[in-house]
Amino acid sequence: MIEINNITKTFDDYTAIKDLSFTVGESSLYGLVGYNGAGKTTLLKIIAGVYLPDSGDVKLNGKSLFKHPELKTELFYVPDDIYFGLGSSMNSMAKYYKGFHPNFCMETFKKLTELFGLDPKKKLIGFSKGMQRQAEMILGLSCLPKVILLDESFDGLDPAKRNLTKKILLDYMAEKDCSIIISSHNLHELADMCDHIALINGQTIAMNCAVDDMNGSRCKFRLAFAQEVDKADFDGINVKNFKKDGKIITFTVSENVEEAERVIQSLNPVLCERFPLSLEEIFLEEMEDTNYEFEKIFF
């Protein structure tokens with residue numbers, strides 16, 4: 001289990017993340033979403049030990065990663081910007097990682113290299129972006145880590161290799177009780193893979209919940225009434241994105257969904273349809289308070 005406790009990180013006068021906390025359990029795939037610059041990469045680099053936070057702590061199974069740096073051999077970080085030395089090959093990188101990660105398994109490395117169809121003797125500088133990501137993923141899994149940190153790690157992969165990578169990650173997580181934290185802009189992909197999702201908005205966690213709980217806690221209503229009904233009639237319901245088109249009314253509810261439906265039914269609708277929100281709709285709804293004022297751009 002990995003715990004992120006009250007992490008704050010600033011760069012000069014800019015605060016990247018502030019007092020941020022969450023916990024990722026064993027055999028859990030935890031997704032991070034947020035707009036560009038929200039602090040996702042900064043957070044992953046702090047967990048990986050690339051950055052030190054201004055305050056807060058990261059614990060692996062109850063021990064601080066900053067006070068026990070030897071625990072970092074239990075983590076593997078796949079960054080968004082993959083870098084390999086000019087003359088390095090997968091074989092040379094395997095020897096390098098084997099010197100740092102005591103659990104590195106050459107047999108796993110050979111099997112994964114064959115599975116992905118990569119030549120471990122070729123120079124990595126000649127690999128495409130997608131092939132370099134595959135190579136780094138192979139090297140990371142061969143370290144047999146307890147925690148894997150992935151930053152946009154499916155970018156550049158073709159659909160077949162994306163599916164293969166996801167399957168291997170899920171199998172590894174289930175077999176080794178590994179914790180995986182993944183940052184991605186592909187919301188559909190996260191919704192399909194992850195058991196938990198956290199949304200970073202304004203330097204802090206705006207939403208943190210199990211994917212299975214999303215449908216029950218947030219939904220969209222589409223209603224029609226014989227009589228005239230307006231937003232004021234739904235007083236007491238936490239209504240968002242209220243829209244009225246003739247007799248048709250739509251809005252979303254982010255809490256107390258069953259109570260909201262009870263209030264709606266008391267108004268005797270002739271049509272009442274309820275739909276779960278997609279992760280993309282939830283993301284956009286949570287971000288609505290930070291939307292730019294476009295009318296101020298053009299004069």
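At what angle do helix H2 (residues 90-100) and helix H3 (residues 106-116) pack? Select both helices to begin; keep in mind that this is a predicted model. H2 and H3 pack at about 150°, and their axes are 11 Å apart. Angles over 145 degrees count as roughly antiparallel, and H2 and H3 are therefore roughly antiparallel to each other. Their crossing is right-handed.

Now show the side chains between these two helices. On the H2 side, pick Met90, Asn91, Ala94 and Lys98; they meet Met106, Phe109 and Thr113 in H3. By residue class, the contact of H2 with H3 has four nonpolar, two polar and one charged.

**From H3 to H5**

Keep H3 selected and add helix H5, residues 159-176. The angle between H3 and H5 is about 155°, with the axes 11 Å apart. H3 and H5 are therefore roughly antiparallel to each other. The crossing of H3 with H5 is right-handed. To see the contact, select Leu112, Leu115 and Phe116 of H3 together with Lys161, Leu164, Thr165 and Ile168 of H5. Five residues in the contact of H3 with H5 are nonpolar, one is polar and one is charged.

**From H5 to H4**

Leave H5 on screen and add helix H4, residues 129-142. Which way does H4 run relative to H5, parallel or antiparallel? The two axes come within 12 Å and cross at roughly 10°. That angle makes H4 roughly parallel to H5. From H4, pick Gln134, Met137 and Leu141, which meet Lys161, Thr165, Ile168, Leu169 and Tyr172 in H5. The contact of H4 with H5 divides into five nonpolar residues, two polar and one charged. Lys161, Thr165 and Ile168 may already be displayed, since the H5 side of the contact with H3 includes them.

**The sheet with S11**

Next, select strands S12, S13, S11 and S14, which form an open sheet in that order with antiparallel pairing. Strand S12 (239-245) and strand S14 (271-276) stand at the edges; each has a single partner strand, so one side of each is left without a neighbour in the sheet. On average, neighbouring strands here are turned by 15° against each other, direction ignored.

Narrow the selection to strand S11 (residues 219-224) and S14, which pair in the antiparallel sense over six bridges. Within this pair of strands, Phe221 stands opposite Arg274 in S14.

Stay on Phe221 and look for rings. The whole structure has 10 aromatic pairs, and one of them joins Phe221 and Phe251. What is the distance between their centres? The rings are 5.9 Å apart centre to centre, with 50° between the planes, and the pair is tilted. Phe221 is in strand S11 and Phe251 is in strand S13 (residues 248-253); they are 30 residues apart and link distant parts of the chain.

**The sheet with S1**

For the last stop, move to strands S2, S1, S4 and S5, an open sheet in that order with antiparallel pairing. Its edge strands are S2 (14-24) and S5 (63-64), each pairing on one side only. Strand S4 (residues 55-60) and S5 pair in the antiparallel sense over two bridges. Select Lys59 to find its bridge partner in S5, Ser64.

Finally, add helix H1, residues 40-48. H1 lies across strand S1 (2-11), S2 and S4, and runs at about 120° to S1.

Notes: Residues numbered from 1 in each chain as written. Predicted model: local features only at pLDDT ≥ 70, side-chain atom pairs only at ≥ 80, totals over all residues. Heavy atoms only, no water. Axes fitted to C-alpha atoms, helices over the stretch in contact; angles between N-to-C directions. Helix = DSSP H or I, 4+ residues; strand = E, 2+ residues; numbered from the N terminus. Parallel < 35°, antiparallel > 145°, perpendicular 65-115°, else oblique. Left-handed = near helix turned anticlockwise from the far one by under 90°. Contact = heavy atoms within 4.5 Å. Nonpolar A, V, L, I, M, F, W, Y, C, P; charged D, E, K, R; others polar. Pairing = 2+ DSSP bridges. Phe/Tyr/Trp six-rings, centres within 6.5 Å; stacked < 30°, edge-to-face > 60°.
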